[in-house]
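Biologist: I am new to reading models of this kind, and I would like a close look at one chain, with its helices, its hairpin and its loops, before we turn to the chains beside it. Please take me through it slowly and explain each term when it comes up.

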Amino acid sequence: MTPRFIAQIGLTLFVFVMLLNAAAVMVYFERKLAALLQQRLGPYRVGPKGLLQPIADIIKLMFKEELRPAAADRWLFALAPILSATAAFTAFAVVPFGAATTLFGLLDEPMLLQVADVNVAVLVLFAVTSMGVYGIVLAGWSSNSKYSLIGGLRSSAQMISYELSYALALASVLVLANSLSLTEIVNGQAGAWLGVVPRWHLFLQPVGFLIFMIAGVAETNRAPFDFPEAEQELVAGYHTEYSSMSFAMFFLAEYINMVTVSAVAADLFLGGWHGPFLPESLGWIWFLVKVGAILFFYVWMRWTLPRYRYDQLMSFGWKVLLPVAVVNLLVTAAGVLYFGL
Amino acid sequence: MTAMAPLEHYLILSAILFAIGAAGIFVRRNLITMLLAVEIMLNAVNLTFVAFGRALGAADGQIIVFFVMTVAAAEAAVGLAIVIALFRHRESLHPEAFTTLRG
Amino acid sequence: MLFYLFGAIAVAASLLVIAQPNPVYSVLLLIASFGALSGLYVLLDAPFVAAIQIIIYAGAIMVLFLFVVMLLHATKEEPEGVPAEAGSPLVLPARGAVRLGAWLAVALGIEFVWALASARESGDFAGGSVSSVSALGRLLFTEYAFAFEVTSILILVAMVGAVVLARREDPPDAGGAATEEGAR
Amino acid sequence: MLLLIPLLPFAGFLANASLGRRLPKAVSGTIACSAIGASFVVSVLSVTRLLAQPVEARAIAQDVFTWISAGRVDVAFGLRLDPLSALMILVVTGIGSLIHVYSTAYMHEESDPEYARYFSYLNLFAAFMLVLVLGSNFLVLFVGWEGVGLCSYLLIGFWYRKPSAADAGKKAFVVNRIGDFAFILGMLLVFATFGTLEFQAVAEQVARLAPETVFGTLSLITLLLFIGATGKSAQIPLFVWLPDAMEGPTPVSALIHAATMVTAGVYMIGRNAVLFSHAPDTLAIIALVGVATALVAGTIGLVQTDIKRVLAYSTVSQLGYMFLAMGVGAWGAGVFHLYTHAFFKALMFLGSGAVIHALHGEQDLRRMGGLKHDLPVTYWTFLIGALAIAGVPGLAGFFSKDEILFRTFTSGHTLLWVVGVLTALLTATYMFRLVFLAFHGVRRGDGDHGHGLHDAPPAMAIALVVLAVGSVLAGYIGVPHALGGSNQLEQFLEPSFRAGAEAASHGETHASLAIEFGLMGASTLAAVAGIALAAFFFLRRPEAAAALSERFSGVYRLLLNKYYVDELYDAAVVQPIRRTSEGALWKGLDVRVIDGAVNGVGAGVFGAGSLLRRLQTGSVRAYGAGLMLGVVLVVGYYLW
């Protein structure tokens with residue numbers, strides 16, 4: 001039981017708890033922000049300024065009855081939310097969120113603020129994300145309900161379609177950074193050009209960033225790409241038949257996925273924990289600020305833009321986004337090759 | 001890294017998986033499951049490639065796995081498209097339902 | 001040892017793939033088997049293969065299978081009721097062929113294991129490992145460049161073929177799932 | 001540099017063949033003309049460089065690439081410019097350019113794609129012809145030889161929708177193939193005998209041998225080569241294709257079937273002068289064949305009614321003259337005649353083309369007449385050509401023809417000389433028959449072409465005038481000593497007819513001036529008499545000609561039907577082959593043996609298949625079981 005081992009376990013637990021918290025905070029954040037955008041008050045009864053609302057929500061969900069349709073496939077119906085949530089949590093494991101630290105000298109050598117430092121982190125991220133599809137597909141199918149099935153199929157088709165553009169946008173960053181390790185990619189963005197402009201990949205990859213954000217929104221099934229749960233058509237999509245904690249897990253997964261995508265975007269394009277004014281050891285504050293900004297953007301979009309039509313989404317993904325992503329990757333590769341960027 | 005299992009064990013595992021895949025073709029009466037059995041066989045071969053590649057210290061084993069996966073993807077796409085087309089004609093996935101071309 | 005854990009998972013999952021009748025479970029069990037294989041690849045110092053095993057096999061190909069299963073509602077297996085056509089003695093009755101084939105598969109497995117067991121030399125992992133993705137990439141785009149290009153053509157052909165095969169004769173409804181899935 | 005000469009027209013061919021369909025006529029015509037024109041310029045530059053070299057070593061060689069290198073065979077794709085080929089490339093590119101220009105107007109009524117096709121063929125022909133004359137060995141020459149044959153076929157059958165044109169093309173091709181076959185045999189024999197195909201090397205080896213007194217290898221080689229030449233140059237017995245070749249467009253007849261391609265045989269003999277001079281037997285045959293062809297063709301030309309056919313027989317006849325010259329060893333004289341003939345015969349073909357053009361396709365002499373007022377340019381230029389070919393003193397034909405006859409006489413072939421003079425008389429007669437029938441007298445054709453005849457358009461007129469000037473002046477580079485000249489051309493060509501090392505041993509045979517003037521007088525007399533004869537029969541008393549043909553109706557019909565040669569060939573060669581093919585090969589071998597074998601195999605396969613198809617159960621798993629069985633057995637075998 002070396003200190004390092006203990007620190008690693010502590011870090012893992014910390015991330016787990018923080019992700020749970022993040023989901024709760026996001027719920028509050030979203031409801032408040034939505035209210036603001038719609039000129040309402042939002043939750044304000046539970047606790048000061050409604051701050052305890054998420055806790056109330058959780059308690060409510062926990063005490064609800066767990067329902068299962070009679071014709072549902074028992075095992076898969078139970079497995080689906082677990083898969084979803086597991087994939088969401090696991091994906092964050094490879095995302096670094098702060099500079100290496102010795103925890104105030106407790107450790108002999110610095111430890112990365114990242115649950116698992118894998119040298120093929122980006123690939124692992126993909127692998128885990130692609131597993132998330134199964135949760136949704138199985139939820140849709142095992143419910144044995146047409147709303148769920150259509151929602152599940154739509155969702156997975158959408159995720160698979162946009163995963164390509166997502167991956168290609170990411171790949172162009174990989175080409176720039178010449179590494180598959182997220183930590184290395186972040187460290188490559190330290191410093192600034194001419195002392196003013198941060199060396200973020202955002203400035204080298206504006207198109208890539210845009211593609212990444214669009215595909216990220218579609219990946220997480222958020223508005224304006226939230227067909228799987230389009231209320232008007234599908235009641236609530238793949239989780240129509242779910243209730244209580246199973247539903248909570250899907251809910252959790254969705255919010256954690258948002259956080260993950262935001263965190264990855266911050267790492268890949270916005271320089272991660274690097275930023276001016278703050279010492280390296282407090283870099284995680286920068287990281288939180290950046291993730292928060294992207295999350296704000298998410299919520300803002302959801303309450304501002306109308307929903308697309310499903311066929312528009314698919315044709316946009318295959319006929320516009322994917323070609324643009326391919327061209328972007330080619331141009332990036334050519335640029336790296338000829339200008340040695 | 002802990003001590004690795006000997007190469008033979010990887011190969012035996014691969015042989016067992018291959019046999020399972022081969023048997024699957026005959027045991028199941030569903031075209032889709034039969035295709036799945038083919039995938040098992042392909043993966044058994046992949047395991048052999050990677051194990052041998054590791055044993056010989058060469059990267060070629062991994063490269064070939066890459067190609068096998070590509071071929072598997074193409075095979076799955078075309079195979080499943082054929083299954084869908086067949087299903088439209090016969091409303092069945094039973095392999096013996098498609099024997100119109102027998103001699 | 002992790003090898004035996006993963007190996008056992010792979011064998012058990014694969015056995016269940018072919019041993020139970022519901023294709024949805026088969027697909028999921030196969031994914032589990034792939035996960036175990038991916039673990040084995042990590043043990044073999046091939047993290048890249050492990051990752052693409054999950055991304056491509058489990059994440060893309062198996063989704064395709066799952067879709068087709070769901071699309072065709074093929075959750076139940078049909079009975080082996082198709083009678084073998086009465087014909088000349090040369091015809092192998094389907095039932096007999098099936099039984100023979102299954103036993104032959106077992107025989108093949110036994111042969112392989114036997115062959116390995118009787119091998120004179122014992123292999124070990126003395127050779128160094130090549131786990132760097134850039135080394136693989138370099139090899140792929142130099143020595144195997146031709147194969148790589150040919151594979152890309154194969155994929156293109158497969159894609160076109162799948163679209164054509166899965167297309168309905170009547171005009172497809174907008175965003176029909178079948179065409180979308182066939183295209184992948 | 002040398003390579004450019006054939007390459008430029010070839011580039012023109014590629015351009016017109018690939019893009020021509022979509023180009024307007026002006027563009028494709030310009031491409032073709034500038035390609036051959038540029039080739040002409042390059043040729044002139046090359047010849048200038050050649051002239052700058054010392055007389056004895058005048059040659060520019062270029063090995064483009066190693067073509068075949070296998071064991072003993074080592075052939076380079078070599079080009080070589082020496083005096084003989086210099087003259088030839090100037091003729092080919094010079095006259096070729098004029099004919100290209102002429103064609104732009106003559107072919108103007110064709111559609112754009114057809115127009116481009118025509119010019120692409122014409123350019124391709126020029127390219128091959130230049131390869132033929134520039135080739136430094138037999139094989140390269142043969143490439144050009146076959147290439148011009150191909151182009152000739154394509155251009156004769158240019159209007160392939162007309163059955164007669166398509167047939168004529170096929171006939172030319174087939175007849176040429178017979179000659180080519182002999183040529184290939186000769187070539188192989190050269191290689192077998194000398195171990196090389198280079199002209200220079202062969203000549204040097206031959207020069208060391210004594211001339212054959214009895215018929216031997218050299219004679220056989222030269223005879224085979226000569227048979228090849230009779231095919232290409234339309235000599236007895238293979239001359240039958242040339243008159244039919246007149247189905248092609250008239251400029252093609254002028255370029256290919258009068259000025260250049262048909263002289264390839266003469267050129268080839270001249271190129272191998274050393275070889276041929278060592279085979280006196282062959283030379284005798286060549287001389288005999290030449291003079292016989294000249295006479296036969298001349299007599300046929302006397303009665304033909306198609307304006308182009310008359311010219312075609314005239315061409316055959318003049319080619320006979322050239323072969324006569326070759327046969328008596330007067331290489332220079334033969335090539336001289338080749339060169340002057342190119343001018344006036346091209347001129348006359350183009351003139352006849354202008355006539356046909358003006359009359360909207362009318363080719364029958366009996367429907368012409370009186371055209372000299374309507375077509376003055378054509379008339380005067382044509383007249384110059386006729387005078388030149390007839391051998392009227394002062395014009396090109398006189399010098400060259402006289403040179404041939406003089407050399408024939410001085411080499412002791414008095415009989416050949418007599419026939420030659422007779423033929424000269426015939427030449428003058430039929431040529432002026434043509435002139436008088438077409439241009440003098442009154443129009444005998446239908447009234448519908450009566451007015452609105454317009455003379456040659458500018459592009460055609462330019463070509464005619466330039467060629468007419470050439471027909472007058474071309475002879476002056478070969479004025480014989482007797483007339484105070486120095487016979488420059490012959491001296492210029494002399495090195496080409498000797499092996500490199502051989503000294504100029506046998507100089508010019510110096511006959512006495514009296515004999516030379518006498519002979520000149522005789523041929524002049526023949527020319528004048530011929531013209532007078534024509535004037536009498538076809539200008540003064542046309543009915544006398546009719547009466548004459550009445551009285552000798554047998555001879556007349558014999559001549560009109562070209563001595564029944566085509567019919568003879570049909571009965572002797574074509575029909576037997578056809579009967580054998582039909583009776584033995586088709587109904588016997590093909591139907592019984594080959595079809596029987598094929599059907600038998602089919603039946604066998606069908607029988608085996610009907611047995612094996614029972615294995616085809618249609619059950620995937622049964623197939624799989626079979627596969628597994630095989631795998632298990634094979635693996636088991638190796639384990640055993």
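Modeller: A residue is called buried if 20 or more other C-beta atoms lie within 10 Å of its own, exposed if 12 or fewer do, and partly exposed in between, with the C-beta atoms placed from the backbone. Helices (H or I, at least four residues) and strands (E, at least two) are DSSP runs, numbered from the N terminus. What you see is a predicted model, in which local features need pLDDT of at least 70 and side-chain atom pairs count only at pLDDT 80 or more, while totals for chains, interfaces and linings use all residues. Residues are numbered from 1 along each chain as its sequence is written, and chains are lettered from A and ligands numbered from 1 in the order in which they are written.

Let us begin with helix α3 of chain D, residues 83–106, in which 23 of the 24 residues are buried, so that the helix is largely enclosed by the rest of the structure. The expected span of a helix is 1.5 Å times one less than its number of residues; for α3(D) this gives 34 Å, which agrees with the 33 Å between its end C-alpha atoms. Another covered helix is α11 of chain D (residues 264–271), where 8 of 8 residues are buried, and among these are D:G265, D:Y267 and D:R271.

Chain D also holds a pair of strands, β1 (residues 60–70) and β2 (residues 73–81), which run antiparallel and are joined by 9 bridges; two strands pair if DSSP finds at least two bridges between them. Within this pair, D:D63 has D:G78 of β2(D) as its bridge partner. The two strands make a hairpin with 2 residues between them, and in its turn D:G71 has a positive phi of about 60°.

Several loops of chain D deserve the same attention. In the loop between α8 (217–232) and α9 (241–244) of chain D we find D:P237, and the peptide bond that leads to it from D:I236 is cis, with omega near 10°. Between α15 (331–358) and α16 (376–390) of chain D, the loop contains D:H360, which is not a glycine and yet has a positive phi, near 60°; with 10 other C-beta atoms within 10 Å, D:H360 is exposed. The loop between α23 (553–560) and α24 (565–612) of chain D contains D:Y563, again a residue other than glycine with a positive phi near 60°, but D:Y563 has 14 C-beta neighbours inside 10 Å and therefore counts as partly exposed. Returning to a helix, D:G518 belongs to α21 (residues 513–540) of chain D and is partly exposed because 14 other C-beta atoms lie within 10 Å. Although D:G518 and D:F406 are 112 residues apart in sequence, their C-alpha atoms are 9.7 Å apart.

To see how the interior is filled, we need the nonpolar core, a set of buried Ala, Val, Leu, Ile, Met, Phe, Trp, Tyr and Cys residues joined through C-beta atoms within 7 Å. The largest core has 202 residues, and D:F125, D:A346 and D:L350 touch the most other members. Two residues are in contact if their C-beta atoms, placed from the backbone, lie within 7 Å; beyond its neighbours within four places in sequence, D:A346 has contacts that include D:I95, D:A254 and D:L467. Apart from this core lies another, of 198 residues, which includes A:V128, A:L176, C:L29 and C:L72.

That brings us to chain C, which has 7 helices and 0 strands, and in which 41% of the 184 residues are buried. Where chain C meets chain B, the contact takes 75 residues from chain C and 67 from chain B. On the side of chain C that touches chain B, the largest share, 12 residues, comes from α3(C). Sorted by class (Ala, Val, Leu, Ile, Met, Phe, Trp, Tyr, Cys and Pro as nonpolar, Asp, Glu, Lys and Arg as charged, and the others, Gly among them, as polar), that side has 56 nonpolar, 13 polar and 6 charged residues. Towards chain A, 18 residues of chain C are in contact with 18 residues of chain A, and α3(C) gives the largest share of this side of chain C, 11 residues. By class, this side has 14 nonpolar, 2 polar and 2 charged residues.
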